[in-house]
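Hi everyone, thanks for making time for this. Let me put the chain up on the screen, and then we'll walk through a few parts of it together.

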Amino acid sequence: MKKSTIRWVIITITFVISLVLSFIFLNKGTTDMTVNMSMPSLPVAYINIDGYKVNEMHGYTTRMESSTLRDSVTPIGDDRAVSFIIDKYETGITGLSVEVRSADGNRLIEDTPIILYNDYNNTLETTVFLKDLIDEGREYNLTLVLKLTDGRSVFYYTKIVQNEEANVAQKVAFATDFCNKTFNKDNIKELSTYMESNSDGDNTTLAHVDIHSSMNQVTWANLKPIIQDDIAVTIEEIGKTMASLELRYMVKIKEENDVHYYNVTEYYRIRITNQRTYLLSFNRKMSEILQMDSNKFVNDKIVFGIQSNPMQVVESAGGDILVFENDGRLYCYNAVDNKLVRLFAFYDSAEDDYRCRYRGSDVKILNVEENGNVAFMVYGYMCRGTHEGEVGAEVFYYDSVLNTIEEQVFLPYYGYEEILKFDMEKLSYLNSSGNAYVFFDGVVYKVMPKERKYSVVASNINEDTFFVSKSGRTIVWQEKNEKDMNDIRSDLTVMSLMTGITNTVSKGASEYVKPIGFMNEDLIYGISEKKDLIHNRLGDITVPMNRVIIQSEKGDVLKEYSENGIYVTGGTIEANQITLERIRKNPDTGEYIYIEDDHITNNATVDAGKNNLMTVVTENYEKIVQMQLKSMADPKTMKMLTPMEVIYEGGRSVELKSVEDKERFIVYGDGVVEGIYDKPAKAVACAYDIRGTVIDIYGNEIYRRGETVSRNQIMAIGEASTTETKNSLTVCLDTMLRLQGISRNTEYMLDKGDSVYDVLSKNLNNVYVLNLTGCSMDMMLYYVNLDIPVLAIRNDGSTLLIIGFNEQNIVVMDPNEGTIYKIGMNDSREMFEMSGNKFMTYSIRYDEKPAVTY
């Protein structure tokens, strides 16, 4: 080789080495390495109740706002003993302690170190006897604190309630026994005595099985599943006779040449009396776990099998890149490169570490590019990885060429992960500039990952009038008056999240605009004359809209709905149909009468996409889900990839500071957050429908559909009559105040313009005043059961108090009659429905905090 050639080779090599070294130097302090996601390192704690291992608790590495944490409730007896089982998973523990706090988490009641415990076979067991500082029947927050050998403190949370008569073990035994017996059809006769099999049950699918399903469905139809691990039991609600339990487990189903794994969740609502056990509710969900296996690709289809939850699917513009979610894990199928990439998964297969399978998080697909790059969000509790033991929302970017995922930003959250998940499902959007918009605790934030900054888009939001378009790229909201929750604001704010530009929808000075929602990307709102607003004595405002407008994303009016003499009071939107709730004004009396709903249908077709999700019927598995692909797949040559994660020095966290303590009512049911509202009436109605519970942000119970006695009467309330100066309303208000030891001139307060809501909220101490207009009479019995009277307004405007009930009647104190008497259940329902179900009551506030009224 010539010297000149050798010299050029040396120069070239030196140049390449210099480039590599320069790249490393310039990126020092930024990129560290690419690694696989780290495995879980935290122990898992349980409660031991008479030998039953229940209430699985996963650890948090930061202190959480315990008031809203509601994963489980642990009943304790008169000895106040709490027994823990801790699976250490080879993690060293140097210390334990237990804390007890008030429901709102502010007041520390007890902080006790645990000295005595048994440590064997990688398991630690201990029993602690709490101090006599708690009241029977009230809920408290209990925190188990572990000190690890690596210096970290880990926190485990459950609610506790002292209830000697809860008979927990008997209720847990019934549920686990029922579950185990469903795997043998010889038990059908025994199980059928608890079921309510009828035509309401859907016997075409095993994805959802409930108390109305056939016994064949309950016993797994033609399938022969085998339980793979212990049944995880969580106590969600507990009373003297009733309990709500969640059971989680995995099953395996063997085929001739294949094995399928399924995650199963069951919900039981049980009532046990001296005579027998009643199964009030049973609900089972079953979803197949997608294996990283090309066998799922059959010709031009991906077979997902039985799926209980709607699958999230997003494709690129041309349809060649298909991203889909399965059980909180994210996959990308690239038809051009014939590869399947598991973009994100806390667990890879059924055999993984048990802790990886904890479903405290969800994923959302944010953007899919034609080149295979994908942006997505993981939100909730992080059971492994960089943020193990934290709660938050994490935005990732997948690079198809490098086959790596990279965290763009992490938004920590210190409340219950189920609340965060609910909010993220309402709004989490990433625009082309890389800016994210999220809904955190009732506030809309704009997050700029590149700058590690954020700004508040809207904080003073009325959640009843906050809506997001189908694509998530447009939002509309209406602000509220912080000082007067019933103050009506006239304008709407519409914001394009693609551009960040806001527009205002406003009408004349004498008009009020109210949003109804979005149909796809079209905004729907109504217009009302301010003179037509209806104010009642409870403080409610009804907005009769004489026109309904459908407006395009560009701001063009597509349709206007109006009928002479008819007003719209609200609406719901499902698919391409709007249902309008309507009233008619009586020209003679001026009163409004409810009339039948009307409907508006949008006939515009929506692009179904290149790849279509569908449900098909099979012989053994009944209904299954599969994807019809735009082209044939080649499973034999398909590449299966798992990306590495890019790890950076330093953090990419952006902490969203709380703007204000927004009053929110959280509805819990079947282990999840079913709804969040900023007014109690809708929350109570939702909880009643799902047999759930309403909690405020301070952890106080506002309503629970559950255990009530068969009869009760507030004996402290006697007969009272109207007088020349006191009408039925003032008599009822006087009675409610007097029950709390308060005397006021209520007629004077009403005469000067105060509403019923104002009178009660200004004078009752340590209570939450609740306007429950629109709720049914049956929902009011929860409060009467607690010796709290309910003020009700009849159709003629007169007022009475509901003060008691039994199986057939309610008991009322009627000032107009000057007596206490009974009204039949059906008659009272009809009477109150005719008056619009106008109710006002309160719930007790136990812990000290600033007075709050709703």
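Here's a warm-up: which residue in E35 does Thr 493 stand opposite? It is Thr 504. Before going further, please keep in mind that this is a predicted model.

So where does that pair sit? Strand E34, residues 492-496, is joined to E35 by four bridges, and the two run antiparallel. Both belong to an open sheet of four strands, in the order E32-E33-E34-E35, with antiparallel pairing. At the edges are strand E32 (467-468) and strand E35 (502-505), each pairing on one side only.

Let me zoom out for a moment. The chain contains 11 helices and 59 strands. Its radius of gyration is 30 Å, close to the 29 Å that the globule rule gives for 854 residues, so the chain is as compact as a globular protein of that length. Along the principal axes, the C-alpha trace spans about 120 × 70 × 55 Å. Of the 854 residues, 54% are buried. If you like contact statistics, take the contacts with a separation of 6 or more: 59% of them come from residues 24 or more positions apart. As for the surface, about 38,000 Å² is exposed, with carbon and sulfur atoms supplying 47% of it.

Next, strand E26, residues 391-399. How many of its nine residues are buried? Seven are, so to speak, under cover. On one pairing, eight bridges join E26 to strand E25 (residues 374-381), running antiparallel, and there Tyr 379 stands opposite Ala 393. E26 also pairs with strand E27 (residues 404-413), again in the antiparallel sense, over nine bridges; in that pairing Val 391 stands opposite Tyr 413. E26 and E27 form a hairpin with four residues between them, and Asn 403 in the turn has a positive phi of about 55 degrees.

Last stop: helix H11, residues 825-834. Its buried residues are Met 825, Ser 828 and Phe 832. Why do they end up on the same side of H11? Because they cover an arc of only 65 degrees around the axis. Exposed on the other side are Asn 826, Asp 827, Glu 833 and Met 834. The elements covering the buried residues include helix H10 (777-785) and several strands, among them E55 (790-793) and E59 (838-844). Just after H11, Gly 836 takes a positive phi of about 90 degrees.

That's my tour, and I'm happy to rotate the view for anyone.

Key. Residues are numbered from 1 along each chain as its sequence is written. This is a predicted model: local features need pLDDT of at least 70, side-chain atom pairs count only at pLDDT 80 or more; totals for chains, interfaces and linings use all residues. Side-chain values use heavy atoms; hydrogens and water are left out. Two strands pair if DSSP finds at least two bridges between them. Buried means under 20% relative accessible area, exposed over 50%, partly exposed in between (1.4 Å probe, protein chains only). The arc is that of the directions from the helix axis to the C-beta atoms. Contact means heavy atoms within 4.5 Å. The radius of gyration is taken over C-alpha atoms; the globule rule is 2.2 Å times the number of residues to the power 0.38. Accessible areas come from the Shrake-Rupley method with a 1.4 Å probe; for residues, only the protein chains shown count as cover.
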